[in-house]
Amino acid sequence: MIPTLPDLAADLDADLDADPSVAEMLAARPHLRMDPFDGLMLEQVKLAAIADALGTPVWVTGAGTLRARYRRLAAAMVEAGLDVHIHFAMKANDHLAVLRVLAALGAGADVVSGGELRRALQAGIAPARIVFSGVGKTDSELALAVSLGVGQINVESAEELAGLSAIAAAQGRVASIALRVNPDIDAGTHAKISTGRAGDKFGVAYHRAAALYAEAASLPGIRPVGFAVHIGSQIADPAPFRRAFARIADLVQAVREAGHAVSMVDCGGGLGIGYRHETEGSPRALANAIRVTLGGLGVRLAIEPGRWLVAPAGLLLSRVVRVKQEIGAPPFVVLDSAMNDLLRPSLYDSWHGVVPLSASDAAGPVAPAHLVGPVCETGDTLARDRMLPLLREQARVAILDTGAYGAVMSSTYNARPLAAQALVDGERWSVIRARQPVERLWEGEIVPDWLT
Ligand code: LLP
């Protein structure tokens with residue numbers, strides 16, 4: 001039978017809907033390679049060797065991959081003729097070694113808590129290279145930031161501005177602030193990580209921003225330097241970025257016309273990556289969106305990328321604990337990693353590639369399977385109906401693109417200790433966090449003596 005056009009279109013849709021194969025996933029990730037003997041390699045390191053030495057689950061980050069991505073992002077800004085300061089959004093991955101790798105390339109940090117601030121300092125990032133964001137900074141966090149001389153505090157409300165003014169004035173210091181503006185732009189991403197729509201908790205409402213900026217200029221202890229905007233995360237399409245930046249450009253002009261100086265714009269983070277079939281957010285397209293909207297204003301520019309820099313550089317290695325065969329349905333492949341390790345699939349229904357560590361496992365025929373963790377919730381599911389090569393007990397897999405919002409979002413739910421971490425750099429690798437000993441789980445807990 002000759003296929004009709006609608007048939008062909010349906011086939012095409014089915015292809016796009018199908019999960020990418022192991023070969024396709026590896027082709028899209030130049031830092032990964034399947035060696036016929038050594039199996040899956042990150043940079044020049046055999047991942048099975050790390051799993052042998054440290055056990056599973058274990059997070060692995062590629063320092064060379066991270067550097068290459070940082071350089072690509074920085075180069076795109078330079079090629080667009082822009083001088084853009086890169087503040088790594090360390091909420092994505094706050095390990096000291098990761099911060100060191102990025103800081104050595106010139107990155108500053110975007111922090112959202114006193115803890116992140118202290119971590120950034122611990123990693124050797126100078127206070128002047130730190131931006132402090134967040135909707136609920138406490139008085140003591142603000143006081144710490146002011147006393148350290150943090151480069152910029154992104155203020156999210158009139159209430160925070162008043163509090164910060166009092167804190168800085170009491171210290172006899174002046175805090176440089178940017179007003180975070182809510183531009184009311186839908187970034188078209190997952191609702192839980194969308195931040196720039198009116199009604200989201202972030203930033204000052206657009207129509208109030210100019211007046212609040214003027215007020216800031218009159219407050220003791222405050223030096224307003226500009227505006228910040230961050231519309232959400234995992235955004236590939238440059239159009240919402242352009243719309244948001246254009247609104248900020250209008251605001252800069254309006255505020256300048258009212259006689260106030262504006263010397264910087266912080267364009268936030270949000271650039272997405274390709275987890276499944278999504279096209280990766282383009283640094284060039286982002287640079288272009290910044291250039292056409294803000295490039296002519298004579299302001300210092302900054303971005304706060306997290307995911308784009310680190311997500312593809314990280315993997316979670318895991319082992320099959322059990323294969324539970326079902327009659328007339330795909331088997332449940334139970335891994336030794338779970339939602340307490342990698343929360344993203346449970347929280348956002350996110351898709352992560354899964355690749356066996358062994359070349360022979362990876363080469364076999366594929367069949368549907370459910371990949372789950374051992375935690376006692378149905379939500380502890382990494383993938384349903386995923387086409388996977390046959391995985392037997394003890395087989396090991398890498399869960400891809402988990403370098404951002406992976407280890408940082410782990411918990412010890414179900415009394416599962418935090419996993420080990422390793423850093424690969426070209427041919428060498430080191431453990432960068434030992435697996436948490438189980439006794440640590442109850443360290444610090446106190447049983448009142450009236451119970452004993
Ligand atoms: N700047 C601000 C003010 C932010 O709130 C964020 C992320 C970033 C920068 C960095 O955004 P990125 O470049 O990484 O998209 N846990 C979620 C993502 C939450 C993002 C929160 N804010 C996930 O796993 O998808």
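A polar contact is a pair of N or O atoms within 3.5 Å; within protein, one of the two must be able to donate a hydrogen and the other to accept it. In this predicted model, the side chain of Thr 56 makes such a contact with the side chain of Asp 336, at 2.5 Å. The protein chain is assigned two domains, domain 1 (28-62 + 312-440) and domain 2 (63-310). The points below cover the domain arrangement, the interface, Thr 56 and helix 9.

**Domain arrangement**

- Taken over C-alpha atoms, the centres of domain 1 and domain 2 are 32 Å apart.
- Domain 1 contributes 26 residues to the contact, and domain 2 contributes 24 residues.

**Interface between domain 1 and domain 2**

- The size of an interface is often given as the accessible area lost when the parts come together.
- For domain 1 and domain 2, the area buried between them is about 2,100 Å², with 57% of it on carbon and sulfur atoms.
- The interface of the two domains contains 1 salt bridge.
- Asp 425 and Arg 67 form a salt bridge through their side chains, with an N to O distance of 2.8 Å.
- Between domain 1 and domain 2, 14 residue pairs are in polar contact, counting pairs with both residues at pLDDT 80 or more.
- On the side of domain 1 that touches domain 2, at least two residues each come from strand 4 (58-62), helix 13 (344-348), strand 20 (420-425) and strand 21 (428-433).
- Strand 20 supplies the largest share of that side, 4 residues.
- By residue class, the side of domain 1 that touches domain 2 comprises 12 nonpolar, 8 polar and 6 charged residues.

**Surroundings of Thr 56**

- Thr 56 lies in the loop between helix 3 (47-54) and strand 4.
- The relative accessible area of Thr 56 is 15%, and the cut-off for a buried residue is under 20%; Thr 56 therefore counts as buried.
- In addition to Asp 336, the side chain of Arg 319 makes a polar contact with the side chain of Thr 56, at 3.5 Å.
- Leaving aside residues up to four places away in sequence, Thr 56 touches Ala 51, Leu 317, Ser 318, Arg 319, Asp 336, Arg 396 and Arg 435.

**Helix 9 and its cover**

- Helix 9 spans residues 206-218, and its buried residues include Tyr 206, Ala 209, Leu 212, Tyr 213 and Ala 216.
- Among the elements covering the buried residues of helix 9 are two helices, helix 8 (158-171) and helix 10 (238-257).
- The cover of these residues also includes strand 9 (175-182), strand 10 (204-205) and strand 11 (222-228).

Key: Residues are numbered from 1 along each chain as its sequence is written. This is a predicted model: local features need pLDDT of at least 70, side-chain atom pairs count only at pLDDT 80 or more; totals for chains, interfaces and linings use all residues. Side-chain values use heavy atoms; hydrogens and water are left out. Domain bounds come from an automatic or database domain assignment. Contact means heavy atoms within 4.5 Å. Buried area is the accessible area (1.4 Å probe) that two parts lose on being put together, summed over both. A salt bridge is a side-chain nitrogen of Lys or Arg within 4 Å of a carboxyl oxygen of Asp or Glu. Ala, Val, Leu, Ile, Met, Phe, Trp, Tyr, Cys and Pro count as nonpolar, Asp, Glu, Lys and Arg as charged, and the others, Gly among them, as polar. Buried means under 20% relative accessible area, exposed over 50%, partly exposed in between (1.4 Å probe, protein chains only).
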